[in-house]
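Reader: Hi! Could you walk me through this one? I'd like to start with how the strands are arranged.

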Amino acid sequence: MDIHRRARPSNADADAESTKNAAPSPPSRVSKRMIHGPTSKSRTMTQNPYHAASTMTDVILFRAMQAVLVLASIWFLYLIVVANTPWLDTTPISTDSHVSSSLLRGRVATKADPKDISAARDKISQLRKEFYGRYGGEKAATEMLERGLRTFENQEDNFEGGGSVRSTANRFLSAIVRHEASSASGAAAAAAASSQQPEFVMAFAGYSVTVGRGNHLEQSYPFVLEKILAPVLQLPPLGIKLKVRNSAIGGIPSFPYGWCLSNFLGEDADLVSWDYGMNEGNGASGLESYVRHSLMMPKSPPLFVLLDMKRGRLDLLQKYVNSGALPDPVALGGRDAVDKKLLQLPEGDRPFGLQKWDEWGAPNGAPGQSSWHPKKMEHELMGWMMAMRMLDALDVALDVMDQDADWRNPILAQEQWARAGSAQVVLPPPVTDIHKTGAASLLVGSESESGQWRMNHISCRTSFLPNISGDLNSIVQSGVTKDDEDMLQTRDDSLFNGGWVMDVGKVERDTKLKVLKYGGLGYIDMKTALYGIPSSGTLKIWLPYESGSGIGSIKPGDDATKYFDAVVLCEVNEKRGNDECKMSTDLTFSLGGVMVSKSGVSQVKGVASYLKKDICILLEIPKEAKISPKGLGGTDSGLAVEVVVSGTGVTRENGACSISHVIW
């Protein structure tokens, strides 16, 4: 059964329409065959327009037509030159819908100030020298970088792009162009943007490694990278403000997080990372599903960072690079990059970056100081290695600004092409087999009859923190006990009689209380959820229809299966013994006013799993389910969901039922 959100049926065949309305080819990939074309063996002679019967009007009209043809030819040749400009990458760079070339039409093409270029390059050179000095000299540091950071180039014979580092350079240039265009879009917008800068957003995901457990949050590698890179990005002619988010959450799998990337990372993320390797063995299925969902984010494709060096996952990224889906991913390692001989030297003889290698950033005894977590100096190494890659890209961006006064227009051409094809994101076929999960189309998308793969629109609400948007409480209609107590305070049993309660599990609470003894260490992640027992009653949720497609205007009384095909509920990933609540058997559900049969509830297998415990269930929409308004007299229409704890043996002591993510 295909479980993704149903799209609106059209009057014409969908595949024919997608072919007919396919996005134009990117301007930087003009086929040589299209440029030169076949040579005709015979030519038709044209009549001389200047014959005796011609009038002066005829001559003027003909001359005007000639002029138009000449100008069109010049424009066409310009496009060809732009398409084959060496530094212009073939990566489609998305942008807001209001950005267009007309907004920059009045800008005079000028090269960047040579003094600014020189100053920025000097800063980059200083940082490289500092990297060499920290890690044993240029040779030793370069070898360390080669072991600890992997980049990917398209290996297809017909690939005409400028390379992965140029793709990353274009991301920085695009940030500048988008900002200039938005500033030029109107007086009000210009006034609002006058004190702002172009922004480049790096949003890091993962679990305890990326969080920086055992250290302070600010000592984690994302913030090490920020401290190195932000000052050089601020310099003219770049003038870019770097925003770094560490949205990792300790002790979670890649899903359901991967369904909620915009919730946790933000829709403005230019960079997205994955760090779930310790939980997911050597497999690549979770990574692939995560990559495919990242390709549906507004700034697609993102600069993808893999915090892992396992061969299977590296090979998967290479396949997505070869397919053209990912232009410039990076795989980042850690301690394995270090020459062990250097660590065997006496402390004072080691390079500065390897001194105090075995010391944690947080006080001794702080939670998370386990052998599998990087210590403070390993985080610094990871941040520096990632920074070296970004500095290479900035070097290329400066070359472009220095050598071509008209560099903005090709960037805008790329963005216009990306915008034209944004509604038709076609992906390569999935590499890994995820059919056993029972949620294939939710994870890797669906294949059309024409063989094209597309992801399906996914909506998410979650109670996990940090959460930028889409809080779980926003879809709760009733059935929750209001409680203003500190989340880390133990809840009284009486709160659960007559309502579900927003709470944290025992292990989560105990861990956070230990962290508080060390000042909190800056951590912002927390696994909160709605918890319920049989006496908690009915939890009522209402899901808005957000896919932007359907049959006309959705309205109450419509068949819910026209707009929704499945709902996924996920619990907190915590192990509490064999008597804990089991979502698939201890909960009963109603969707669209109709009870969901036991056969309509299934466990999502494998991908949404932590420590071999599957944490998500899938609910099929009953055929009789109907669309309903939001509350009495509401104007918005969606799907009503009711959840009841029906397992009489469920208790708080053994493990109450919990809901932390709702996916549809």
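Author: Happy to. In this predicted model, three strands make an open sheet, ordered E11-E12-E23, with antiparallel pairing.

Reader: Which strands stand at the edges, and why is one side of each left without a neighbour?

Author: Those are E11 (501–504) and E23 (657–659); each has a single partner strand, so one side has no neighbour in the sheet.

Reader: And how much does the twist average from one strand to the next?

Author: The average is 50° between one strand and the next.

Reader: How many bridges do E12 and E23 pair over?

Author: Three bridges, in the antiparallel sense, with E12 covering residues 528–532. Leu530 has Ile659 of E23 as its bridge partner.

Reader: Nice. What does Leu569 touch?

Author: Leaving out residues up to four places away in sequence, Leu569 touches ten I can list: Met583, Phe589, Ile615, Cys616, Ile617, Leu619, Val643, Ile659, His661 and Val662. So Ile659, the bridge partner of Leu530, turns up again among the contacts of Leu569.

Reader: What about the largest nonpolar core, how many residues has it?

Author: It has 98 residues, and Leu569 is among those with the most contacts inside it, as are Tyr257, Trp259 and Val662. A separate second core has 72 residues, including Tyr135 and Val515.

Reader: Changing topic: what pLDDT does the protein average?

Author: The average is 85, and 80% of the residues score at least 70. Residues 1–54 are below 50, though that stretch has 79 contacts in the model beyond near neighbours in sequence. Residues 80–106 are also below 50. Where pLDDT is low, predicted coordinates should not be read in detail.

Notes: Residues are numbered from 1 along each chain as its sequence is written. This is a predicted model: local features need pLDDT of at least 70, side-chain atom pairs count only at pLDDT 80 or more; totals for chains, interfaces and linings use all residues. Side-chain values use heavy atoms; hydrogens and water are left out. A nonpolar core is a set of buried Ala, Val, Leu, Ile, Met, Phe, Trp, Tyr and Cys residues joined through side-chain atoms within 4.5 Å. Buried means under 20% relative accessible area, exposed over 50%, partly exposed in between (1.4 Å probe, protein chains only). Contact means heavy atoms within 4.5 Å. pLDDT is the predictor's confidence in each residue, from 0 to 100. Two strands pair if DSSP finds at least two bridges between them. Helices (H or I, at least four residues) and strands (E, at least two) are DSSP runs, numbered from the N terminus. Axes are lines fitted to C-alpha atoms, for helices over the stretch in contact, and angles run from 0 to 180 degrees between N-to-C directions.
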